[in-house]
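Reader: I've got a model on my screen and a few terms I'd like justified. Can we go through them together?

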Amino acid sequence: MIKLTGTLSYFNNPLAHKDNDYNTAQKQIVSVEGSRQAISDIKTWPAYAQTPLHALEGLAKGLGLDNIFYKDESERFGLKSFKALGGAYAVARQLQLQLQHRLGIRPSMKDLLGGHLKETLASMTVSCATDGNHGRSVAWGAQMFGCSCVIYIHEGVSEGRQQAIAAFGAEVVRISGNYDESVRLADRDAKVHNRIIVSDTSYEGYMDIPKDVALGYTVMLSEIVEQLAGKIPTHVFIQAGVGGLAATLTGYFWDLWGNDRPRVVIVEPEQANCLQLSAKAGKPVVVGGELTTLMAGLACGEVSALAWDILKNGADDFVTLSEGAIAPLMCLLAKGVGGAPKIEAGESGVVGLAAVMIACQVTELIPKLQLNKESRILVIGTEGATDPILYQTLVKG
């Protein structure tokens, strides 16, 4: 067994039941049928390509499991993150709605990319707050479709990630506060300057656009289903910040596979565990403070309202992960682990796999999570080296 040093804090969700129906309200957030247009649209974007699903069978056998499937998002559209799908798609959807209001007809995705709406698109501005990857996707989408963009980042976002956002032509505003404070400032400024907020987190009065972000993520999920070729994972260990990806994955697989859906294990940093604390309380709980964690993309203290509507009874388990496991696992993946190819994985990308490896080393967690030699685990490597300098520092130790 390849061992990984770290700790997990575990909570089983008492509201999760495998025979619960995926209800109508939840389907209005994300569903297989509702995702079809997004999947079709995004596959027409320049440079679209399916990302690989690696089978880490050697690692899995050493852990006493059947297999581990690792969805590798390190090269998605060259942005090195699954978030390339969500933010840019939500930008497209908002531009379509704005143009329909102005012109009386709704342009197609081909129209947005065609160039003949250039002047009108240039008069629009999209904006959001970000830990890095979502803002990069929004900025890339704005550049692709030809509108302006203003991105807000908090003091914990690295200089490398700020530069990566600015490289797509966005104006970047750094605040002296945490992620949740940057969300509130971006929202206030958007109302003053008539900008379109394209956020991946939902809150009171802001529910529709995060649904479009989630629909973008379903492209990745549909790819996974195709690549699994009929196999259904027994477990998914999925990292979470505000919960957007975790909820999209949970809802999509629940709608697709019903009672056969995998056990969903939510993984968060110890210092930013708003979902675990919310599950314990049975209602959304806010985590304050600086939310300091190496897992920068997960440094979020407030649960997305839409995500909570799915995860409150769709997620089975909530665990927190200690910081020390991250860099060593990034190194292992970079070298190739258990006969697998070398994988570039960023700090937030290894979180689900790290939790799997540590859980298999903790005797009391194995039966609680129902891990055994028949377990087929799905994890998502959500990002590659989105900050190349930091990545090299961590991998070289």
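Reader: What makes strand 5 and strand 6 a pair, and do they run parallel or antiparallel?

Author: Keep in mind that this is a predicted model. Two strands pair if there are at least two bridges between them. Strand 5 (residues 148–153) and strand 6 (residues 171–174) are joined by four bridges, so they pass that test, and they run parallel. To see one bridge, look at V150: its partner in strand 6 is E171.

Reader: Why is the crossover between these strands called right-handed?

Author: From strand 5 the chain goes through helix 8 (residues 159–166) and on to strand 6, a β-α-β crossover. With the strands pointing away from you, a clockwise path over the helix counts as right-handed, and this crossover is right-handed.

Reader: How do you know that the chain is as compact as a globular protein of its length?

Author: The chain has 17 helices and eleven strands. Its radius of gyration is 20 Å, and the globule rule gives 21 Å for 397 residues; the two are close, so the chain is as compact as a globular protein of that length. The C-alpha trace spans about 60 × 45 × 40 Å along its principal axes.

Reader: What share of the residues counts as buried?

Author: 60% of the 397 residues. The cut-off for buried is under 20% relative accessible area.

Reader: And what does the UniProt record say about residues 46–380?

Author: The unreviewed entry annotates them as "domain: Tryptophan synthase beta chain-like PALP". In the model, that stretch is 45% helix and 15% strand, with its end C-alpha atoms 24 Å apart.

Methods:
Residues are numbered from 1 along each chain as its sequence is written. This is a predicted model: local features need pLDDT of at least 70, side-chain atom pairs count only at pLDDT 80 or more; totals for chains, interfaces and linings use all residues. Side-chain values use heavy atoms; hydrogens and water are left out. Helices (H or I, at least four residues) and strands (E, at least two) are DSSP runs, numbered from the N terminus. The radius of gyration is taken over C-alpha atoms; the globule rule is 2.2 Å times the number of residues to the power 0.38. Buried means under 20% relative accessible area, exposed over 50%, partly exposed in between (1.4 Å probe, protein chains only). UniProt positions are given in the numbering used here, feature names are shortened, and annotations may be inferred rather than shown by experiment.
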